[in-house]
Amino acid sequence: MTTGTLITVAPTGAESAKTEVPALPVTLDELLLTAKECEALGASIIHVHIRDDDARPTLDPGRLRATVAALRESTDLIVQLSTGGAVTDPEADRLAVLDAAPDMASCTMGTVNFGDDVFLNRWEFIVGLHTRMQERGIVPEYEIFDLGHLTALRRLLDKYGLPHGGHVHVDFVMGVPGGMPGTTAALVAAQQMLRDLPEDTTFSATGIGRSSIPVMLASLSAGGHLRVGMEDTVTYAKGRPVESNMQLVARAVGFAQLAQRPPLNTTQARELLGL
Ligand code: KMH
Ligand code: ZN
């Protein structure tokens, strides 16, 4: 049984506009302040999407490198870069994210309808991400938007071997319109499918929008970990916009403590993830 809880903060994402969500951290200074405060509250991993000077999502290699360096300088958080980017980002730019040499990077395990868009993740592209991360010593977080993505993960590991460090960690991204719903039933179904993966595989879960709280509670009670942040949730409660990422991390920490699974610190998190 897992004793502590990994808490990942996903502060920015690629979908919300700064004009509509003014509290969204989009500059490097805003990101660093958020990172430091979330670490102090109990986050151990930061899942990073960056923005350009006009607050639009970007995968600019120089900016990504500078962001990784600045986060390492100011925090002890595990830096996980998004290779998902925005739905419009080309594969080559998404692969080039790994050149910024983060501790971890996301690796989405299949294509999914994403609201009115399609989040495209071809098999060959997934293999490219997985094998490059193996070569470069980057630990993947396999993003699971639907149950079939776990079948794809099993196939990937069977054919190409374990990730760097030997530990498999997945993140259930639930409640995306087009993916699995953010319900306890779906979380349990996804957890059951982990039986086909290495025995010590760990999972975190995040619920988009109003599924945030049910998914957190389901994940904690099933022995899973938590991801929260304004990438996934911009409404704290009915009629109440999220004020900051810290507000979401503080709520997640409170739930984890209630479940008697307090947050793992960054050293414990690195140990668990094989970093
Ligand atoms: N922005 C979504 C299209 C990831 O970061 O790897 C994809 C996403 C997943 O956020
Ligand atoms: Zn993301």
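Two strands pair if DSSP finds at least two bridges between them. Strands (E, at least two residues) and helices (H or I, at least four) are themselves DSSP runs, numbered from the N terminus. What you're looking at is a predicted model, where local features need pLDDT of at least 70, side-chain atom pairs need 80 or more, and totals for chains, interfaces and linings use all residues. Residues are numbered from 1 along each chain as its sequence is written, with chains lettered from A and ligands numbered from 1 in the order in which they are written.

Q: In which order do the strands of the closed barrel run?
A: Eight strands close up into the barrel, and their pairing is parallel. From one strand to the next, the twist averages 25°. Going around, the order is β1-β2-β5-β6-β9-β10-β11-β12.

Q: What stands opposite T8 in β12?
A: Look at where the listed order of the barrel starts and ends, with β1 and β12. Those two strands pair in the parallel sense over three bridges. Opposite T8, in β12, stands R227.

Q: How many of the residues of β9 are buried?
A: Here a residue is buried if 20 or more other C-beta atoms lie within 10 Å of its own, exposed if 12 or fewer, and partly exposed in between, with C-beta atoms placed from the backbone. In a regular strand, side chains alternate between the two faces of the sheet. Strand β9 has V139, E141 and E143 buried on one side and P140, Y142 and I144 buried on the other, so both faces are covered. That makes β9 (residues 139-144) a mostly covered strand, and its buried count is six of six.

Q: Which residue in β10 is the bridge partner of Y142?
A: Strand β9 pairs in the parallel sense with β6 over five bridges, and Y142 is the bridge partner of C107 there. Strand β9 also pairs with β10, again in the parallel sense, over three bridges. In β10, the partner of Y142 is V170.

Q: Which residue of β11 is the bridge partner of H169?
A: Strand β10 (residues 169-174) and β11 pair in the parallel sense over six bridges. Strand β11 (residues 202-207) is largely enclosed by the rest of the structure, because five of its six residues are buried. The β11 partner of H169 is T202.

Q: At roughly what angle do the axes of α7 and α8 cross?
A: Axes are lines fitted to C-alpha atoms (for helices, over the stretch in contact), and angles run from 0 to 180 degrees between N-to-C directions. Helix α7 (residues 212-221) and helix α8 (residues 245-258) have axes that come within 10 Å. M216, L217 and L220 of α7 make the contact with A252, F255 and A256 of α8. The crossing angle is roughly 35°.

Q: What do the buried residues of α8 pack against?
A: Contact means that two C-beta atoms, placed from the backbone, lie within 7 Å. The buried residues of α8 are N245, L248, V249, R251, A252, V253 and A256. As a whole, α8 lies across β1 and β12, running at about 170° to β1. The packing partners of those buried residues are β1 (7-9), α1 (28-41), α7 and β12 (225-228).

Q: Which residue just after α8 takes a positive phi?
A: Helix α8 covers residues 245-258. Just past it, one residue takes a positive phi of about 60°, and that residue is Q260.

Q: Which residues of α2 does α1 meet?
A: Helix α1 packs against helix α2 (residues 61-74) at an angle of about 35°, with the axes 10 Å apart. On the α1 side you'll find L28, L31, L32, A35 and K36. They meet T67, A70, L71 and S74.

Q: Is V97 buried or exposed?
A: V97 sits in the loop between α3 (91-96) and β6 (104-108). Leaving out residues up to four places away in sequence, V97 touches L59, L64, L81, T83 and A105. D60 is 37 residues apart from V97 in sequence, yet their C-alpha atoms are 8.4 Å apart in space. Because V97 has 23 other C-beta atoms within 10 Å, V97 counts as buried.

Q: Is D54 buried or exposed?
A: D54 is another loop residue, lying between β3 (50-51) and β4 (57-58). K18 is 36 residues apart from D54 along the chain, and 9.3 Å separates their C-alpha atoms. Because D54 has 8 other C-beta atoms within 10 Å, D54 counts as exposed.
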